[in-house]
Amino acid sequence: MAHLAESSSEEPSWISWFCSLKGNEYFCEVDEEYIHDRFNLTGLSEQVIHYKAALDLILDLDSVKEDESDTVEQAAELLYGLIHARYIMTYRGLAQMIKKYHRGDFGICSRVFCENQPVLPIGMSDSPGEKKVKLYCPKCQDVYTPRSSRHHHIDGCYFGSGFPHMLFMVHPELRPLRSANQFTPRLYGFKIHPMALQLQVQAAERYQREKEERHGSSPRAHNSMPTY
């Protein structure tokens, strides 16, 4: 979907348009002032093809030629995602993501004992194209796949592997206490002892050995059907 830059003030900026797309709810709007500072973009030109055209599109500085729209749009998405990963590690970026965190824009933990704890997006890799975005729960300190399939296409590197940890390092008061509750397996109301599974496996192995000793290990013996 192409977004052609317009001079009219009635048109939303490319950044606002991109963040408003269905499936892009995890993104915050990066301040254009941050993007105009070329120091913040160091090294990105080597990772993004059509870098100049993509950057101009993001900043609404130029329109996209119709025959290049798809290619430049894809480059702009990648470039914005890489910029976004850097921006949310800054004080201003963290402040915007905290607002989304408090609103529950990223969803809640699917673990029952986390009691609807809000989660944060996290990347399992900082390199593009390797891992899709996951959700980090600060209460159980585990990661989960987003519930909605519309978020399954988002590259995890657009948020980075260190974002949630940076947020709680800068704002430790926001870190919830780790959940002390754990699920306890029960059978007929009784707790299942941790050794029970191991004992069952050992019993099954012992039964199998005894069966082989009684019936031999010939192919015919193994393939024969039991009689009742």
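The buried residues of helix H3 are Tyr51, Ala54, Leu55, Asp56, Leu57 and Ile58. They belong to a predicted model of a protein with eight helices and five strands. Read from the N terminus, the elements follow the order α-α-α-α-α-β-β-β-α-β-β-α-α. The points below take up helix H3, the aromatic pairs, the sheet, helix H7 and several loop residues.

**Overall figures**

- The protein has 228 residues, of which 36% count as buried.
- Among contacts with a separation of 6 or more, 62% are made by residues 24 or more positions apart.
- The accessible surface amounts to about 14,600 Å², and carbon and sulfur atoms hold 52% of that area.

**Helix H3 and its surroundings**

- Helix H3 covers residues 51-58, and it is largely enclosed by the rest of the structure because six of its eight residues are buried.
- The cover over these buried residues includes three helices: H1 (14-20), H2 (32-36) and H4 (69-87).
- Just after H3, the backbone at Asp60 adopts a positive phi of about 60 degrees.

**Aromatic pairs**

- Across the whole structure, a search yields 12 aromatic pairs.
- One of these joins Trp14 and Phe18, whose ring centres are 5.0 Å apart and whose planes meet at 10 degrees, so the pair is classed as stacked.
- Both residues of this stacked pair, Trp14 and Phe18, lie in helix H1, where four residues, or about one turn of the helix, separate them.
- In an α-helix, with 3.6 residues a turn, residues three or four places apart point the same way.
- Trp14 and Phe18 are both buried.
- Trp14 also pairs with Tyr80: the ring centres are 5.8 Å apart and the planes stand at 65 degrees, so this pair is edge-to-face.
- Because Trp14 lies in helix H1 and Tyr80 in helix H4, their pair ties together parts that are 66 residues apart in sequence.
- Tyr80 is buried, as is Trp14.
- Ring pairs join Trp14, Phe18 and Tyr80 into a cluster with Trp17, Tyr26, Phe27, Phe106, Tyr158 and Phe159.

**The three-stranded sheet**

- Three strands form an open sheet in the order S1-S2-S3, and their pairing is antiparallel.
- S1 and S3 are the edge strands; each has a single partner strand, so one side of each lacks a neighbour in the sheet.
- On average, and with direction ignored, neighbouring strands of this sheet are turned by 45 degrees against each other.
- Strands S2 and S3 run antiparallel and are joined by three bridges.
- Tyr136 has Val143 of S3 as its bridge partner.
- Helix H6 (residues 163-170) packs on the sheet, where it touches S1 and S2, and its direction makes about 130 degrees with that of S1.

**Helix H7 and the loop before it**

- Helix H7 comprises 20 residues (196-215); at 1.5 Å a residue it should span 28 Å, and its end C-alpha atoms are 29 Å apart, which agrees.
- Gly216, just after H7, has a positive phi of about 80 degrees.
- Ile192 is placed in the loop between strand S5 (190-191) and H7.
- The relative accessibility of Ile192 is 40%, so this residue counts as partly exposed.
- Apart from its neighbours within four places in sequence, Ile192 contacts Pro185, Arg186 and Leu187.

**Positive phi in residues other than glycine**

- Asn116 is a residue other than glycine with a positive phi, near 65 degrees.
- The loop that holds Asn116 runs between helix H5 (91-103) and strand S1 (120-122).
- With a relative accessible area of 53%, Asn116 is exposed, since the class begins over 50%.
- Gln141, again not a glycine, has a positive phi near 55 degrees.
- Gln141 sits in the loop between strand S2 (134-137) and strand S3 (142-144).
- The relative accessible area of Gln141 is 37%, so Gln141 is partly exposed.

Terms used:
Residues are numbered from 1 along each chain as its sequence is written. This is a predicted model: local features need pLDDT of at least 70, side-chain atom pairs count only at pLDDT 80 or more; totals for chains, interfaces and linings use all residues. Side-chain values use heavy atoms; hydrogens and water are left out. Helices (H or I, at least four residues) and strands (E, at least two) are DSSP runs, numbered from the N terminus. The expected span of a helix is 1.5 Å times one less than its number of residues. Buried means under 20% relative accessible area, exposed over 50%, partly exposed in between (1.4 Å probe, protein chains only). Contact means heavy atoms within 4.5 Å. Rings of Phe, Tyr and Trp (its six-membered ring) pair if their centres lie within 6.5 Å; planes under 30 degrees apart count as stacked, over 60 as edge-to-face and the rest as tilted. Two strands pair if DSSP finds at least two bridges between them. Axes are lines fitted to C-alpha atoms, for helices over the stretch in contact, and angles run from 0 to 180 degrees between N-to-C directions. Accessible areas come from the Shrake-Rupley method with a 1.4 Å probe; for residues, only the protein chains shown count as cover.
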